[in-house]
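Colleague: Could you walk me through this one slowly, please? I am still learning how to read such pictures.

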Amino acid sequence: MSKFKKPQAIAAETKDHRFAGTFEVLLPVAGRVKPLKLASQFATQREAETWIHSDEGQTAIEDALEAAAKEKK
């Protein structure tokens, strides 16, 4: 990940067996080993990716990045 480029959220299959077959949105953050979980339990990967590009998703990503930057300081 480039330090000049904003990290991209990804849609990944949920690892929790209780929600098998669903997808969640993960955001890699510099300085963290595990990515932040932004949203979960989408029925399909397409729904999760649509959420990432929606206004709600973009706002959630920006808020998460700002919160991570504040924690880092």
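Modeller: Before we count anything, helices (H or I, at least four residues) and strands (E, at least two) are taken as DSSP runs, numbered from the N terminus. Please also keep in mind that this is a predicted model.

Colleague: OK, so how many helices and strands does the chain have?

Modeller: The secondary structure of the chain comes to two helices and three strands, and if you read along the sequence they follow the pattern β-β-β-α-α.

Colleague: And what does the C-alpha trace span along its principal axes?

Modeller: The C-alpha trace of the chain spans about 35 × 25 × 20 Å along those axes.

Colleague: What about the inside, how much of the chain is buried?

Modeller: Of the 73 residues of the chain, 30% count as buried. The largest nonpolar core has 15 residues, and those with the most contacts inside this core are V25, L27, F42 and I52.

Colleague: Which helices and strands each supply at least two residues of that core?

Modeller: They are strand 2 (23-27), strand 3 (36-42), helix 1 (45-53) and helix 2 (55-72), and helix 2 gives the most to the core, with four residues.

Colleague: You mentioned I52; what does I52 touch?

Modeller: Leaving aside residues up to four places away in sequence, I52 touches A9, I10, A11, V25, G57, Q58 and I61.

Colleague: Switching topic, how far apart are the mean positions of the positive and negative charges?

Modeller: The chain has 12 positive and 11 negative charges, and their mean positions are 9 Å apart.

Colleague: And how much area does the chain expose?

Modeller: The chain exposes about 5600 Å², of which carbon and sulfur atoms supply 53%.

Notes: Residues are numbered from 1 along each chain as its sequence is written. This is a predicted model: local features need pLDDT of at least 70, side-chain atom pairs count only at pLDDT 80 or more; totals for chains, interfaces and linings use all residues. Side-chain values use heavy atoms; hydrogens and water are left out. Buried means under 20% relative accessible area, exposed over 50%, partly exposed in between (1.4 Å probe, protein chains only). Accessible areas come from the Shrake-Rupley method with a 1.4 Å probe; for residues, only the protein chains shown count as cover. Lys and Arg count as positive and Asp and Glu as negative; His and the chain ends are not counted. The place of a charge is taken as NZ of Lys, CZ of Arg, CG of Asp or CD of Glu. A nonpolar core is a set of buried Ala, Val, Leu, Ile, Met, Phe, Trp, Tyr and Cys residues joined through side-chain atoms within 4.5 Å. Contact means heavy atoms within 4.5 Å.
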